[in-house]
Amino acid sequence: MSTCLVTGGAGFLGSHLCDELLSRGHRVICVDNLETGSLVNIEHIRDEAAFAHLNVDIIEPYRIEEPIDFVYHLASPASPIDYLRLPLHTLKVGSYGTHHTLGLAKSKRARFLLASTSEVYGDPEVHPQPEGYWGHVNPIGPRGVYDEAKRYAEALTMAYHRQQGVDTSIVRIFNTYGSRMRPHDGRAIPTFLRQALGNRPITVFGDGSQTRSFCYVTDLIRGMIALAESGYHDPVNIGNPDEFTLLQLAETVLEVTGSSSEIVFEALPVDDPKQRRPDISLAEQLLQWTPKVSLRDGLARTIEASGVETLVG
Ligand code: NAD
């Protein structure tokens with residue numbers, strides 16, 4: 001049994017990670033100030049002896065008294081609605097928060113995993129995106145607060161590894177979905193599900209020809225733990241390479257929900273990437289990891305696990 005610290009453990013991905021680590025027999029300490037997360041996400045595990053939640057803001061220095069084997073660093077606003085509302089917080093959590101968490105991993109001699117993002121590739125000129133692509137990011141646009149915070153956090157992680165000898169890893173997460181996403185968090189899948197299940201028009205940005213690839217949460221968490229438990233240090237993409245246009249996603253949501261909502265088109269947000277798809281050959285070769293859940297199956301599982309009322313919000 002290992003002791004795992006999960007920053008952002010009361011969020012969407014963090015709470016699924018806590019569930020999986022507990023089910024594998026590990027002790028889990030969740031550090032989360034509930035800025036964008038919720039106690040509801042960890043309600044079902046709060047009383048387990050192997051689980052503890054600490055309401056701590058990691059932008060300030062923090063200490064944990066007991067030994068720790070793994071640090072999973074997920075805390076950060078993640079959806080555009082959140083980081084556009086919290087631009088300075090997003091930059092501080094990526095910088096000070098990552099410093100404090102790396103310092104903690106160093107003092108505990110723990111293996112550290114940074115939850116980075118496909119947004120480090122920006123609006124890519126290379127498709128699909130391999131880890132060796134350095135990206136095409138607008139540092140001063142509104143989304144720069146998130147993209148650059150993550151790029152800085154990656155640089156910091158590599159510096160702690162190279163200069164301080166910390167055992168680090170970096171996962172570049174591509175769009176992931178599943179239960180516990182907030183219906184109003186602005187990301188495509190919860191928005192489309194909320195609209196379809198509420199029989200309201202589905203709002204597609206632009207002409208809907210921009211592409212994304214969507215990974216079901218259980219696949220992502222499996223890949224993330226496999227990377228943390230490997231000895232690898234450079235970034236690794238984890239995501240589902242099946243690529244869909246936003247219009248195809250809207251049509252699939254209509255099919256799976258059986259909704260008769262109409263599809264309407266709205267203006268594209270600033271710096272919205274035109275295409276996004278991971279090259280996952282490194283994860284396949286290094287971790288023997290591939291995603292298993294198709295989009296249709298994952299959408300059906302999301303509806304079943306969440307319940308229609310929760311998704312309609
Ligand atoms: P989320 O908003 O649901 O979870 C983030 C959690 O971090 C929340 O519980 C929040 O309260 C906590 N947090 C924020 N600031 C904090 C602070 N200062 N101190 C302590 N806790 C703090 O987001 P998510 O979708 O679960 O994303 C988790 C991580 O994965 C993020 O780092 C995000 O960048 C990364 N990621 C997610 C996706 C995705 O598709 N969901 C894609 C790429 C990367």
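## Exercises on strand β5 and the aromatic pairs

In this predicted model, residue A115 of strand β5 has V171 as its bridge partner in β6.

**Exercise 1.** Find which strands pair with β5, and how many bridges join each of them to β5.

*Solution.* Begin with β6 (residues 168-173), which runs parallel to β5 and is joined to it by six bridges. The path of the chain from β5 to β6 passes through α4, and this β-α-β crossover is right-handed. Turn then to β4 (residues 70-73), which also runs parallel to β5 and is joined to it by four bridges; here V71 has F112 as its bridge partner in β5.

**Exercise 2.** Decide whether the two faces of β5 are covered or open.

*Solution.* In a regular strand the side chains alternate between the two faces of the sheet, so each face is taken in turn. On one side R111, L113, A115 and T117 are buried, and on the other F112, L114 and S116 are buried, so that both faces are covered. Because seven of the seven residues of β5 (residues 111-117) are buried, the strand is largely enclosed by the rest of the structure.

**Exercise 3.** Classify the ring pair of Y83 and Y146, and state where its two residues lie.

*Solution.* The ring centres are 4.5 Å apart and the planes stand at 0°, which is under the 30 degrees required, so the pair of Y83 and Y146 is stacked. Y83 belongs to helix α2 (residues 80-85) and Y146 to helix α4 (residues 144-164), so the pair links distant parts of the chain, 63 residues apart. With relative accessible areas under 20%, Y83 at 1% and Y146 at 8% both count as buried.

Technical notes. Residues are numbered from 1 along each chain as its sequence is written. This is a predicted model: local features need pLDDT of at least 70, side-chain atom pairs count only at pLDDT 80 or more; totals for chains, interfaces and linings use all residues. Side-chain values use heavy atoms; hydrogens and water are left out. Rings of Phe, Tyr and Trp (its six-membered ring) pair if their centres lie within 6.5 Å; planes under 30 degrees apart count as stacked, over 60 as edge-to-face and the rest as tilted. Buried means under 20% relative accessible area, exposed over 50%, partly exposed in between (1.4 Å probe, protein chains only). Two strands pair if DSSP finds at least two bridges between them. A crossover is right-handed if, with the strands pointing away from the viewer, the path from the first strand over the helix to the second runs clockwise.
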